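Dear colleague,

I am passing on the structure we spoke about, with the sequence alongside. Please look through it first, and then read the notes that follow.

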Amino acid sequence: MAKWGEGDPRWIVEQRADATNVNNWHWTERDASNWSTEKLKGLFLAVRVENEEGVCEVTEVSKLDGEASINNRKGKLIFFYEWNIKLSWTGTSKSGVKYKGHVEIPNLSDENDVDEVEISISLAKDEPDTNLMVLMKQEGMKKIRNAMSTYISTLKTEFTQGMILPTVNGEQTEPVPQLAAKAEDHKTIASTVTAAPESKPIGVKIPTCKISLKDIFLTSPEELYRVFTTQELVQAFTHAPAIVEADKGGKFHLLDGSVNGKFIDLVPEKQIVMKWRFKSWPSGHFATVTLNFTDKGGETEVCLEGKDIPSSEEERTKQGWQRYYFEGIKQTFGYGARLF
C-alpha cells in the first residue's frame, strides 16, 4: 500500500477540494438528450427560405427520437449522438396557395459528417406538384443542414462546460472556450431582479436616459423578425418559458417574468416597437424600445433605440439586450458565424 503522498498521480485525491477525478482520469458522462431536443427544435423551427415562387418554412418537429451524451475519459471528450427526425413544412406561393410537406432525417449521428447525412424532402399525400419543392430541396435543404451543423458545434462548446475538471495543480488540461451562455446564465437576470432595491411606488418621478445598440446577424430580416416574434423561437434563445403575443397590443413575458411588456407596433421584416420593462423597475414604469431591421444583402443590421430607461439601469439594460437577446439569438440559431 502506498504511503500518504506517494503513488500513481492518477489516483491522488488529497489535493482536490472535492477529492474526485484527479487529472480527469476517471470516466465521466453527461446526458445531453434533453438539451439536444430543445436545441434541435429551436434550430429547425427557424428554417425559412424564399424566392420569386414563394416562401417555405418548417412549421413542426413531428418526431425527434434518439439520444446524445458526452463522455470524458483521460481528459478527452467523446461525443455520442444519434437522432431520427421528422419535420413538417409549409410552402406558400406568391398567389397565396399553401402546400404541405415532410422532411425526414433518418440518421443524424456522430458516425457521419453533416454533409453525408441523408435528408429526404417530399410533399404531403395528395398535394399537387409545385415549384416550391425545388426551393425547399435546394435552399431549404441547405438551411436544414446548417441547422444540424450548428447543433453539433454548440453541443461541443455550450454543453461541454465543466466536463474537463481541474487537475491536481489547479489548471485545466484542455480548456473549453465559453462561446455560449448556458441556461443557468440566463437565470442571472432573475437573481439580479431579486437582489434589486424595492420598486418605487407609481407617481415617483425618476431620472431616465436613452440607449442605442447596433448589431449584425447573418440571416435575412424576415427570419430575424420571426425569431423576435415567435413564442417557440423566443423560448429557444432565452432557454426559458415565454409568452409572446405578437400583435399590436399583445403582451410578452420572458425569463421567468423578469422581463415583460407589450407590442405597440409591428411592421413585418422592418420594425418592432414595444413597451418594455424589468420586473424590478418602479411599478408601472416602461421604457419604449424600437428595433429597426435593415437588409444588408445576406445580413441584417439591427438598430435598437431605447428611451425612458431608468438612469440607474442604463448599463444593465444594455448588457441585458446584448447578452440575452443578441448573443442568445446568434448562439442558438447560428446567426453569428458563417458556416462553410
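I begin with a residue that takes part in a charged pair: glutamate 50 counts as partly exposed, since its relative accessibility is 37%. Its side chain meets that of arginine 48 in a salt bridge, with 3.6 Å from N to O, and arginine 48, for its part, is buried at a relative accessible area of 13%. Please keep in mind throughout that this is a predicted model.

To set that pair in context, here is the protein as a whole. The protein has 340 residues, of which 46% are buried, and it contains seven helices and 13 strands. Its exposed surface comes to about 17,700 Å², with carbon and sulfur atoms supplying 49% of that area. Of the contacts in the protein with a separation of 6 or more, 60% are accounted for by residues that stand 24 or more positions apart.

Salt bridges

Side chains of opposite charge can pair when their charged atoms come close. The structure holds nine salt bridges, and two further examples may be useful beside the one described above. Lysine 63 and aspartate 65 meet through their side chains in a salt bridge of 3.9 Å, N to O; lysine 63 is partly exposed at 25% relative accessibility, and aspartate 65 is likewise partly exposed, at 44%. In the other example, arginine 316 forms a salt bridge with glutamate 313, where the closest N and O atoms are 2.3 Å apart, and both arginine 316 and glutamate 313 are buried. Salt bridges that share partners also join Arg48, Glu50, Glu57, Lys94 and Arg226 into one network, so that the pair with which I began belongs to this network.

A patch of negative charge

On the surface, Glu29, Asp31, Glu67, Glu82, Asp110 and Glu111 gather in a patch of negative charge. Glutamate 67, one of these residues, is found in strand E3, which covers residues 54-73, and with a relative accessible area of 56% glutamate 67 is exposed.

Two helices

Helix H5, residues 221-229, is largely enclosed by the rest of the structure, because nine of its nine residues are buried. The buried residues of H5 are Pro221, Glu222, Glu223, Leu224, Tyr225, Arg226, Val227, Phe228 and Thr229, and Arg226 is also a member of the salt-bridge network described above. In helix H6, residues 231-238, the buried residues are Leu233, Val234, Ala236, Phe237 and Thr238. Just after H6 comes histidine 239, which takes a positive phi of about 55°.

The loop between E10 and E11, and its partners in space

The loop between strand E10 (259-267) and strand E11 (271-278) is the place of lysine 270, which counts as exposed at 52% relative accessibility. Which residues does lysine 270 contact, once its neighbours within four places in sequence are left aside? They are Leu291, Asn292 and Phe293. Lysine 270 and asparagine 292 are 22 residues apart in sequence, while their C-alpha atoms are 5.9 Å apart in space.

Asparagine 292 itself is found in strand E12, residues 287-295, and is partly exposed, with a relative accessible area of 28%. The C-alpha atoms of asparagine 292 and glutamine 271 are separated by 4.6 Å, although these two residues are 21 apart along the chain. With neighbours within four places in sequence again left aside, asparagine 292 is in contact with Lys270, Gln271, Glu301, Val302 and Cys303.

The loop between E10 and E11 is also the place of glutamate 269, which has a positive phi of about 70° although it is not a glycine. Glutamate 269 is partly exposed, its relative accessible area being 31%.

A further residue with positive phi

Aspartate 308, which is not a glycine either, has a positive phi of about 65°. Aspartate 308 lies in strand E13, residues 300-310, and is partly exposed, with a relative accessible area of 33%.

With kind regards

Conventions
Residues are numbered from 1 along each chain as its sequence is written. This is a predicted model: local features need pLDDT of at least 70, side-chain atom pairs count only at pLDDT 80 or more; totals for chains, interfaces and linings use all residues. Side-chain values use heavy atoms; hydrogens and water are left out. Patches are made of residues with over 30% relative accessible area and no salt bridge: like charges are joined within 9 Å, nonpolar side chains (Val, Leu, Ile, Met, Phe, Trp, Tyr) within 5 Å. Accessible areas come from the Shrake-Rupley method with a 1.4 Å probe; for residues, only the protein chains shown count as cover. A salt bridge is a side-chain nitrogen of Lys or Arg within 4 Å of a carboxyl oxygen of Asp or Glu. Lys and Arg count as positive and Asp and Glu as negative; His and the chain ends are not counted. The place of a charge is taken as NZ of Lys, CZ of Arg, CG of Asp or CD of Glu. Helices (H or I, at least four residues) and strands (E, at least two) are DSSP runs, numbered from the N terminus. Buried means under 20% relative accessible area, exposed over 50%, partly exposed in between (1.4 Å probe, protein chains only). Contact means heavy atoms within 4.5 Å.
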